[in-house]
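Work through the exercises below with the sequence and the structure open. Try each task before reading its solution.

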Amino acid sequence: MLLEPPIDELVEKMGNPYRLAVVVGKRAKFLSETLSDEEKEAIPEVTRAVDEVDDGTIVLDSEENL
């Protein structure tokens, strides 16, 4: 269960829950293909992707196609 950051804040940053799910899923997949096993064990890929959305590392243009 995701407690921090609050899901409502993440949805607000992405515009809607579906976009959030797609963005986090795509980023997590990319991370799973590029991170070492040690990095994956330290912080799971989905957690890293959610943190990137929360801290503003991942931002979308208003009409960006996914």
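The exercises go from the overall fold to helix pairs, the core and single residues.

**Exercise 1. Take stock of the model.** State how many helices and strands the protein has, and how confident the prediction is.

Solution.
- Start with the source: this is a predicted model.
- Count the elements. There are four helices and zero strands. From the N terminus on, the order is α-α-α-α.
- Check the confidence. The mean pLDDT of the protein is 89, and 88% of the residues score at least 70.
- Compare elements. H2 has the highest mean pLDDT, 96, and H1 the lowest, 92.
- Look at burial and contacts. Of the 66 residues, 23% count as buried. Among contacts with a separation of 6 or more, 55% join residues 24 or more positions apart.

**Exercise 2. Classify the packing of H2 against H4.** Are the two helices parallel, antiparallel, perpendicular or oblique to each other?

Solution.
- Recall the general description. Two packed helices are described by the angle between their axes and the distance between the axes.
- Take the values. H2 and H4 pack at about 125°, and their axes are 8 Å apart.
- Apply the cut-offs. Roughly perpendicular covers 65 to 115 degrees, and roughly antiparallel starts over 145. The angle of about 125° fits neither class, so H2 and H4 are oblique to each other.
- Add the handedness. H2 passes H4 in a right-handed crossing.
- List the contact. H2 contributes Leu20, Val23, Val24, Arg27, Ala28, Leu31 and Ser32. H4 contributes Glu45, Val46, Arg48, Ala49, Val50, Glu52 and Val53.

**Exercise 3. Do the same for H1 and H4.** Give the angle, the class and the handedness of the crossing.

Solution.
- Take the values. The angle is about 65°, and the axes of H1 and H4 lie 9 Å apart.
- Classify the pair. The perpendicular class runs from 65 to 115 degrees, so H1 and H4 are roughly perpendicular to each other.
- Add the handedness. H1 and H4 cross in a left-handed manner.
- List the contact. Glu9, Leu10, Lys13 and Met14 of H1 meet Val50, Val53, Asp54 and Asp55 of H4.

**Exercise 4. Find the largest nonpolar core.** Which residues build the core, and which helix gives the largest share?

Solution.
- Collect the members. The 10 residues are Leu10, Met14, Leu20, Val23, Val24, Ala28, Ala49, Val50, Val53 and Ile58.
- Assign them to elements. H1 (7–14), H2 (17–34) and H4 (45–55) each give two or more residues to this core. H2 gives the largest share, four residues.
- Follow one member. Leaving out residues up to four places away in sequence, Met14 touches Arg19, Leu20, Val23, Val53, Ile58 and Leu60.

**Exercise 5. Judge Glu52 and Leu60.** Is each residue buried, partly exposed or exposed?

Solution.
- Locate Glu52. Helix H4 holds Glu52.
- Apply the cut-off. Buried means under 20% relative accessible area. Glu52 has 15%, so Glu52 is buried.
- Name its partners. Beyond residues up to four places away in sequence, Glu52 touches Arg27, Leu31, Thr57 and Ile58.
- Turn to Leu60. Leu60 lies in the segment after H4. Its relative accessibility is 23%, so Leu60 counts as partly exposed.
- Relate Leu60 to Val23. The two are 37 residues apart along the chain, yet their C-alpha atoms are separated by 9.1 Å.

Definitions and conventions: Residues are numbered from 1 along each chain as its sequence is written. This is a predicted model: local features need pLDDT of at least 70, side-chain atom pairs count only at pLDDT 80 or more; totals for chains, interfaces and linings use all residues. Side-chain values use heavy atoms; hydrogens and water are left out. A nonpolar core is a set of buried Ala, Val, Leu, Ile, Met, Phe, Trp, Tyr and Cys residues joined through side-chain atoms within 4.5 Å. Buried means under 20% relative accessible area, exposed over 50%, partly exposed in between (1.4 Å probe, protein chains only). Contact means heavy atoms within 4.5 Å. pLDDT is the predictor's confidence in each residue, from 0 to 100. Axes are lines fitted to C-alpha atoms, for helices over the stretch in contact, and angles run from 0 to 180 degrees between N-to-C directions. Angles under 35 degrees count as roughly parallel, over 145 as roughly antiparallel, 65 to 115 as roughly perpendicular and the rest as oblique. A crossing is left-handed if the near helix is turned anticlockwise from the far one by less than a right angle, and right-handed if clockwise.
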